[in-house]
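Me: Please take a close look at one part of this model and follow its contacts outward. Start with the term I need, and keep the sentences short.

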Amino acid sequence: MRGPQWLDDGMPHIWLPYTQMKTVLPPLPAVSTSGCDIHLADGRILTDGIASWWTACHGYNHPHIRAAVSAQLSRMPHVMFGGLVHEPALMLAARLAEMLPGDLERVFFTDSGSVAVEVAIKIAIQYWINRGVARRNRLVAFKGGYHGDTLATMAVCDPEEGMHALFSGVLPQHYIVDLPHDDATFAALETFLSESGDGIAAILVEPLVQGAGGMLFHGPEVLRRLRLLADRYNILLVFDEIFTGFGRTGTMFACEQADVVPDIITLSKALTAGTMPLAATVTRAHVFEAFLSDNPLHALMHGPTFMANPLACACANASLDLFRTEPRLQQVARISEQMTHELEACRGLPNVRDVRVLGGVGVVELATIADMNRLKAALIALGVWVRPFRTIIYLTPAFVMRPDELSRLTSAIVRVIRDGAAG
């Protein structure tokens, strides 16, 4: 079937993400979304199992968010945030500070998760510069971690991660070590910190789930012990909750499950429920205070043009309304229970290495995926939108997904594995 004219006209000029454009299969033309569905130009409807890269936590086109965008659009779609402020941004900052644990209270807005992490890196390093300790200019991050695609954030990702290995010779040098998980590996990390700690500005970690690095899980105790080590060696602790924030792991923020307060936290993705680009870097009071000075060079010199965009902030405020008025965390608990039960059918099938679920994240890890395009096509043929990567087939559905919709997703995964589409 011939595609719409805009597809034929535009494809010769577009550059797609994470794609070898010479061999790319034709992407699917989406024309609308509703609830948990993506509507294609040819009339097919796909149940979205990954909430548009983990963002659309309330489903698509929620009327409360749509109304908030419409109202804000009629008043002020954008105004610069240099020398001016506005109600949506200040309201959102105050609400985030109230929701986050401890004294995480100063909010710097950006427009993407990668930039939020870049700002966190800059803050962590400049925190020490402003205090007269310029030698603390490197971070400790962990193998299996992913924090973004910009040059600064690639430097704190797993160095063997496929998207970033080509740039290893030009990236800033940080310490990428094994994420500790037991007494022996924590002892090894402590030895490293005792030997190198006077050059380390911060420890950076994705709490509970290392997302794009392979949906790798670790327990709350890991975060508690990282907090203890950071305190012992006077190092800042940064939690990248761009994926895990806003209910995805079963609590509003993953750090709550460890009863740990990081010094800096980054947020994005579900912040606006997938409606507008927005991100935030939030710091504790003592971090912010290191930037208060009569010296103008001690200011944080960063300012994206569209930071604190009023439309995006209005979306985020509307999304937070829904977390308050609708039973989102209970829905995540139900989704978690259902995925645990239904994905268990994959365990023991040929080529399956592991099945794991945490909150609204369900993962089937395979030994190999021999033909990724074949696997994706098989899933689409079953009416679902699931995007496997590496050797992972995963689900991160919208929290409003009905049980029958979720069963459509889990049964499709079971079927493609059982039929050998991934082998």
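Reply: A helix here is a DSSP run of H or I with at least four residues, and helices are numbered from the N terminus. Keep in mind that the model is predicted.

Start with W6. It lies in helix 1, which covers residues 5-10. Is W6 buried, exposed or partly exposed? Its relative accessible area is 48%. Buried means under 20% and exposed means over 50%. W6 is therefore partly exposed.

What does W6 touch, leaving out residues up to four places away in sequence? The partners are P29, A30 and V31. Take P29. It sits 23 residues from W6 in sequence, and the two C-alpha atoms are 9.5 Å apart.

Now step from W6 to the sheet. A30 and V31 belong to strand 1 (30-34). Strand 1 is an edge strand of an open sheet, and so is strand 15 (384-385). Each of these two pairs on one side only. The sheet has four strands in the order 1-2-3-15, with mixed pairing. As background, strands of a sheet pair through backbone hydrogen bonds, either parallel or antiparallel. Inside this sheet, strand 2 (residues 37-40) runs antiparallel to strand 3 (residues 45-48). Three bridges join strand 2 and strand 3. One pair to find on screen is D37 with T47, its bridge partner in strand 3.

Which helix packs on this sheet? It is helix 13. Helix 13 touches strand 2, strand 3 and strand 15. Its direction makes about 90° with that of strand 3.

Stay with helix 13, which spans residues 403-418. It also lies across strand 13, strand 14 and strand 16. There it runs at about 170° to strand 16. These three strands form an open sheet in the order 13-14-16, and the pairing is antiparallel. The edges are strand 13 (352-358) and strand 16 (392-395), each pairing on one side only. Ignoring direction, neighbouring strands of this sheet are turned by 10° against each other on average.

Look at strand 14 (residues 361-366) next. Four bridges pair it with strand 16 in the antiparallel sense. G362 has L395 of strand 16 as its bridge partner. Helix 11 (residues 328-343) packs on this sheet too, touching strand 13, strand 14 and strand 16. The direction of helix 11 makes about 165° with that of strand 13.

Helix 13 has a helix partner as well. Two packed helices are described by the angle between their axes and the distance between the axes. Helix 12 (residues 372-381) packs with helix 13 at about 135°, and the axes are 10 Å apart. That angle makes helix 12 oblique to helix 13. The crossing is right-handed. Helix 12 brings L375, A378 and L379 to the contact, while helix 13 brings A412, I413 and V416. Six residues of this contact are nonpolar, with no polar and no charged ones.

Set a second helix pair beside it. The axes of helix 4 (residues 87-99) and helix 10 (residues 310-325) come within 8 Å and cross at roughly 40°. That makes helix 4 oblique to helix 10. Here the crossing is left-handed. From helix 4, the contact residues include P88, L92 and R95. From helix 10, they include P310, A314 and D321. The contact divides into eleven nonpolar residues, one polar and three charged.

Q72 links up with this pair. It lies in helix 3 (residues 63-75). At 3% relative accessibility, Q72 counts as buried. Beyond residues up to four places away in sequence, Q72 touches P77, P88, P310, L311 and A314. Among these, P88, P310 and A314 also take part in the contact of helix 4 with helix 10.

To recap the route: W6 touches A30 and V31. Those residues lie in strand 1. Helix 13 packs on the sheet of strand 1, and helix 13 also lies across strand 13, strand 14 and strand 16.

Technical notes: Residues are numbered from 1 along each chain as its sequence is written. This is a predicted model: local features need pLDDT of at least 70, side-chain atom pairs count only at pLDDT 80 or more; totals for chains, interfaces and linings use all residues. Side-chain values use heavy atoms; hydrogens and water are left out. Axes are lines fitted to C-alpha atoms, for helices over the stretch in contact, and angles run from 0 to 180 degrees between N-to-C directions. Angles under 35 degrees count as roughly parallel, over 145 as roughly antiparallel, 65 to 115 as roughly perpendicular and the rest as oblique. A crossing is left-handed if the near helix is turned anticlockwise from the far one by less than a right angle, and right-handed if clockwise. Contact means heavy atoms within 4.5 Å. Ala, Val, Leu, Ile, Met, Phe, Trp, Tyr, Cys and Pro count as nonpolar, Asp, Glu, Lys and Arg as charged, and the others, Gly among them, as polar. Two strands pair if DSSP finds at least two bridges between them. Buried means under 20% relative accessible area, exposed over 50%, partly exposed in between (1.4 Å probe, protein chains only).
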